[in-house]
Amino acid sequence: CSSDLQALSRISREKGEGRTAQEFRDKAETPYERLVALARAVPPAIPETEADRLLTAAHAALLADRRGLTAVTGALAEISEGADLIAGIDARGFLLGAAVATKLGTGVLAIRKGGKLPPPVRREEYSLEYGTAVLEIPAEGIDLAGLRIALIDDVLATGGTMAAARKLLIDGGAHVTVGAVVLELTDLGGRDVVAPLAVTSLRSI
């Protein structure tokens, strides 16, 4: 993650932030701690796409570490206990969702970005700060009616993606009982956007 930390430090200076990524990295020893360090160092003013790129690299390191993956999977599985099906949001939510489903003995549903699935599909369009996006699930072959579903993703930021995923599942007849994420960026207000869905984060900053 060193190159990403350097990039964050540069962006922080350019945006006039007094903090740098290296300051948060000094005490970070595990992949999970480095992920949190990266998230704390992201200046609020940088574009969402740039922040997502930097956090993606940190999440890759976390999931590649066997102890990190085991710890995160176990914690998310505990939150999702009682679900009939786990739904993971494209794309890092796929990895987490599959791991949680395996631990709980359930199936997993991949909620895809628009255009990734063959028709017919159920789709939900939602707004981003730079435009719109679409989430899709298969319209055939999976009966969601009455299923209790836990919705899994890596980060809760502005909340638009998780809110759209919840609506997509509810429109299919499911009951979305809980949302679970690794990291919540509280300043972005995502929890209010996904309400009334109860979301549990492993770490909030």
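This report describes the fold, one helix packing, two cis peptide bonds and one buried acidic residue of a predicted model.

**Overall architecture**

The chain is built from eight helices and seven strands. It comprises 205 residues, of which 44% count as buried. Among contacts with a separation of 6 or more, 60% are accounted for by residues 24 or more positions apart. The exposed area of the chain is about 10000 Å², and carbon and sulfur atoms contribute 49% of that area.

**Packing of helix 5 against helix 6**

Helix 5, spanning residues 66-80, packs on helix 6, spanning residues 92-104, with the axes 9 Å apart and an angle of about 70°. Since an angle of 65 to 115 degrees counts as roughly perpendicular, helix 5 is described as roughly perpendicular to helix 6. The crossing of these two helices is right-handed. Helix 5 contributes Val-72, Thr-73, Gly-74, Leu-76, Ala-77 and Ser-80 to the contact, while helix 6 contributes Leu-96, Ala-99, Val-100, Lys-103 and Leu-104. Sorted by class, the residues of this contact are seven nonpolar, three polar and one charged.

**Cis peptide bonds**

Two peptide bonds leading into proline are listed below with their omega values.

| Peptide bond | Conformation | Omega |
|---|---|---|
| Pro-119 to Pro-120 | cis | near 0° |
| Ala-195 to Pro-196 | cis | near 15° |

Pro-120 is situated in the loop that links strand 2 (107-113) with strand 3 (121-128). Pro-196, in turn, occupies the loop between helix 8 (190-194) and strand 7 (199-204).

**The environment of Asp-153**

Asp-153 belongs to strand 5, which covers residues 148-156. Its relative accessibility is 8%, and because buried means under 20%, Asp-153 counts as buried. When neighbours within four places in sequence are left aside, Asp-153 is in contact with Ile-89, Gly-93, Leu-96, Met-162, Ala-180, Val-181 and Val-182. One of these partners, Leu-96, also takes part in the contact between helix 5 and helix 6 on the side of helix 6. In addition, the C-alpha atom of Asp-153 is separated by 8.4 Å from that of Ala-91, a residue 62 positions away along the chain.

How values were computed:
Residues numbered from 1 in each chain as written. Predicted model: local features only at pLDDT ≥ 70, side-chain atom pairs only at ≥ 80, totals over all residues. Heavy atoms only, no water. Helix = DSSP H or I, 4+ residues; strand = E, 2+ residues; numbered from the N terminus. Buried < 20%, exposed > 50% of the residue type's maximum accessible area, 1.4 Å probe, protein only. Contact = heavy atoms within 4.5 Å. Areas by Shrake-Rupley, 256 points an atom, 1.4 Å probe, with all protein chains shown as cover. Axes fitted to C-alpha atoms, helices over the stretch in contact; angles between N-to-C directions. Parallel < 35°, antiparallel > 145°, perpendicular 65-115°, else oblique. Left-handed = near helix turned anticlockwise from the far one by under 90°. Nonpolar A, V, L, I, M, F, W, Y, C, P; charged D, E, K, R; others polar.
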